[in-house]
Amino acid sequence: MIDATEGIRRTLAAYCHTCDDGRFDEFAELFTSDARFVVLGDTREGRDAIQAFMAASMPPEVRGKHLCANSLIEVADDGRSASAVTDFVFVGRAAGTVEGAAMGAFAITSAGRYLDELALDGERWRFARREIVFLGAEPAG
């Protein structure tokens, strides 16, 4: 059995891998059934709404690679809830390039911070709330 911090790190990484790969059924399973997902001040609630939003936002032609670092994870005393703050950079297709373009056609297209609340659901850590705060923006609060 893995400890809480490692389980949370796996959830954080799985978010990136499933999103980058377009595996949105698996992506949705990373969230609790009543999760909230906050992006640019808009909130999506529930797995289905989160999955639909991400699938529409990340079609194959805009997908790239999430790079995350500096995660600070705090597990609550109950061992069943936690918070995490993680910095991210997203490398996507540079403006004016097309899918399948030659090397060098990628650039940093966004950067910021993930603000997470997580819950232990059986043996798996899931996002109860994830807010994406882009560099230069303020958290929704």
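On the other side of helix 3 from its buried residues, Asp48 and Ala56 are exposed. This description rests on a predicted model, and helix 3 offers a convenient place from which to begin reading it. The buried residues of helix 3 are Ile50, Phe53 and Met54. When the helix is viewed down its axis, these buried residues fall within an arc of 95°, and they therefore line one face of helix 3. One of them, Phe53, is also a member of an aromatic cluster, to which the description now turns.

Across the whole structure, a search finds 10 aromatic pairs. In one of these, the ring centres of Tyr15 and Phe127 lie 5.8 Å apart with the ring planes at 75°, and the pair is therefore edge-to-face, a class that requires planes over 60 degrees apart. The pair links distant parts of the chain, since Tyr15 belongs to helix 1, which covers residues 4–21, whereas Phe127 belongs to strand 6, which covers residues 124–134, and the two are 112 residues apart. Both partners are buried: Tyr15 has a relative accessible area of 1%, and Phe127 has a relative accessible area of 0%. With the cut-off for burial placed at under 20% relative accessible area, each of these values therefore falls in the buried class.

Tyr15 and Phe127 also take part in a wider arrangement, in which they form one aromatic cluster together with Phe24, Phe27, Phe31, Phe37, Phe53, Phe88, Tyr114 and Phe134. Arg130 is placed over two of the rings in this cluster. It lies over the face of Tyr15, at 4.1 Å from the ring centre, and its charged end also sits over the ring of Tyr114, 3.7 Å from the centre of that ring.

The largest pocket of the model has a volume of about 340 Å³. It is lined by 18 residues, and those closest to its centre are Ser57, Met58, Phe90, Ser110 and Phe134. Phe134 thus appears in this group as well as in the aromatic cluster described above. The elements that contribute two or more residues to the lining are strand 1 (31–39), helix 3 (47–57), strand 4 (81–93), strand 5 (106–121) and strand 6. Of the contributions to this lining, the largest share, 4 residues, comes from strand 4. When the lining residues are sorted by class, 12 are nonpolar, 5 are polar and 1 is charged.

Two residues have a backbone angle that deserves separate mention. Leu40 has a positive phi of about 50° although it is not a glycine, and this residue lies in the loop between strand 1 and strand 2, the latter spanning 42–45. The side of the chain at Leu40 is open to the probe in the sense that its relative accessibility is 69%, and Leu40 therefore counts as exposed, the cut-off being over 50%. Asn70 likewise is not a glycine and has a positive phi, in this case of about 60°. Asn70, however, lies within strand 3, which comprises residues 65–75, and at 57% relative accessibility it counts as exposed.

Strand 3 also contains His66, which, at 11% relative accessibility, counts as buried. The C-alpha atoms of His66 and Leu135, which are 69 residues apart along the chain, are separated by 15 Å. In strand 6, the strand that holds Phe127, Arg124 is also found. Arg124 is partly exposed, with a relative accessible area of 33%, and its C-alpha atom is separated by 8.5 Å from that of Ile8, although their positions lie 116 residues apart along the chain as a sequence separation. In strand 1, Ser33 is exposed, with a relative accessible area of 54%. Ser33 and Gly22 are 11 residues apart in sequence, and their C-alpha atoms are 20 Å apart in space.

Methods: Residues are numbered from 1 along each chain as its sequence is written. This is a predicted model: local features need pLDDT of at least 70, side-chain atom pairs count only at pLDDT 80 or more; totals for chains, interfaces and linings use all residues. Side-chain values use heavy atoms; hydrogens and water are left out. Rings of Phe, Tyr and Trp (its six-membered ring) pair if their centres lie within 6.5 Å; planes under 30 degrees apart count as stacked, over 60 as edge-to-face and the rest as tilted. Buried means under 20% relative accessible area, exposed over 50%, partly exposed in between (1.4 Å probe, protein chains only). A charge sits over a ring if NZ of Lys or CZ of Arg is within 6 Å of the ring centre and within 35 degrees of the ring normal. On a 1 Å grid over the protein atoms alone, a cavity is a set of points where a 1.4 Å probe fits but cannot get out, and a pocket is an open set with protein on both sides within 12 Å along at least five of seven lines; lining residues have an atom within 4 Å of a point. Grid points are joined across faces, edges and corners, and a volume is the space filled by probe spheres set on the points. Ala, Val, Leu, Ile, Met, Phe, Trp, Tyr, Cys and Pro count as nonpolar, Asp, Glu, Lys and Arg as charged, and the others, Gly among them, as polar. The arc is that of the directions from the helix axis to the C-beta atoms.
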